[in-house]
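Colleague: I would like a close look at a single part of this model, taken slowly and with its surroundings kept in view. Please start from the overall order of the chain and then work inwards.

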Amino acid sequence: MAAPKSVPRDAQVMAQILKDMGITEYEPRVINQMLEFTYRYVTTILEDAKIYSSHAKKASVDADDVRLAIQCRMDHSFTSPPPRDVSINHDTVNPLTPTAILTTLPPTLLPARTPSPIPN
């Protein structure tokens, strides 16, 4: 999808990212969604960086504050898969055995059935 000159520069950058990733067909709303996500992510990072900067009693936000905000956000928002050796070991033990997480959960108790106040 070609980006005409009337499209804002930010949208052109997003279109170029899609093109660089080999994505040639997409709905026009995809670029708007990417722009919205980028705006929310960057503003959240900068707000956190301002908090860290003021906590450190600094006059302005510096790169270290932004790095710390990114790292904290990555730890909080995104999860990484377990290491490959963990999943390989789990599969080789017995693939039909339930995981420890599922076996340690308490049973769910349903409320007792009460008679209906409306006669049949």
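Modeller: Read along the sequence, the chain of this predicted model follows the pattern α-α-α-α-α, with five helices and zero strands. Of its 120 residues, 10% count as buried, and among the contacts with a separation of 6 or more, 24% join residues 24 or more positions apart. The part I would single out is helix α2, residues 29–55, which meets residues of α1 and also residues of α3.

I begin with the contact to α1. The axes of α1 and α2 come within 9 Å and cross at roughly 110°, and α1 is therefore roughly perpendicular to α2. On the α1 side the contact is made by Asp10, Ala11, Met14, Ala15, Ile17 and Leu18, and on the α2 side by Val30, Ile31, Met34, Leu35 and Thr38. Sorted by class, this contact of α1 with α2 has nine nonpolar residues, one polar and one charged.

Some of these residues recur in the largest nonpolar core, which has six residues in all: Ala11, Met14, Ala15, Leu18, Tyr26 and Ile31. Helix α1, residues 9–20, supplies the largest share of this core, namely four residues. In soluble globular proteins, nonpolar side chains tend to be buried together. Ala11 shows how the core and the contact between the two helices are linked, for when residues up to four places away in sequence are not counted, Ala11 touches Ile31 and Leu35.

Turning to α3, residues 63–77, one finds that the axes of α2 and α3 come within 8 Å and cross at roughly 120°. Angles of 65 to 115 degrees count as roughly perpendicular, and α2 and α3 are therefore described as oblique to each other, their crossing being right-handed. Here α2 contributes Tyr41, Thr44, Ile45, Leu46, Asp48, Ala49, Tyr52 and Ser53, which meet Asp65, Val66, Leu68, Ala69, Ile70, Cys72 and Arg73 of α3. By class, the contact of α2 with α3 has 10 nonpolar, two polar and three charged residues.

Within that contact, Asp48 deserves a separate word. Asp48 has its place in helix α2 and is buried, because its relative accessible area is 15%, whereas the limit for that class is under 20%. Leaving aside neighbours within four places in sequence, Asp48 is in contact with Ala69 and Arg73, both of which are listed on the α3 side.

From the α3 side, Cys72 offers a second viewpoint. Cys72 is found in helix α3 and, with a relative accessibility of 34%, counts as partly exposed. Cys72 and Ile45 are 27 residues apart in sequence, while their C-alpha atoms are 9.2 Å apart in space; Ile45 and Cys72 are also both listed in the contact of α2 with α3.

Between these two helices lies the loop that contains Lys57. Lys57 is exposed, since its relative accessible area is 75%, and although Lys57 is not a glycine, its phi is positive, at about 55°. Most residues other than glycine have a negative phi.

To draw the picture together, α2 crosses α1 at roughly 110° and α3 at roughly 120°. Ile31 of α2 belongs to the contact with α1 and also to the largest nonpolar core, while the buried Asp48 belongs to the contact with α3.

Note on methods: Residues numbered from 1 in each chain as written. Predicted model: local features only at pLDDT ≥ 70, side-chain atom pairs only at ≥ 80, totals over all residues. Heavy atoms only, no water. Axes fitted to C-alpha atoms, helices over the stretch in contact; angles between N-to-C directions. Parallel < 35°, antiparallel > 145°, perpendicular 65-115°, else oblique. Left-handed = near helix turned anticlockwise from the far one by under 90°. Contact = heavy atoms within 4.5 Å. Nonpolar A, V, L, I, M, F, W, Y, C, P; charged D, E, K, R; others polar. Core = buried A, V, L, I, M, F, W, Y, C linked by side-chain atoms within 4.5 Å. Buried < 20%, exposed > 50% of the residue type's maximum accessible area, 1.4 Å probe, protein only.
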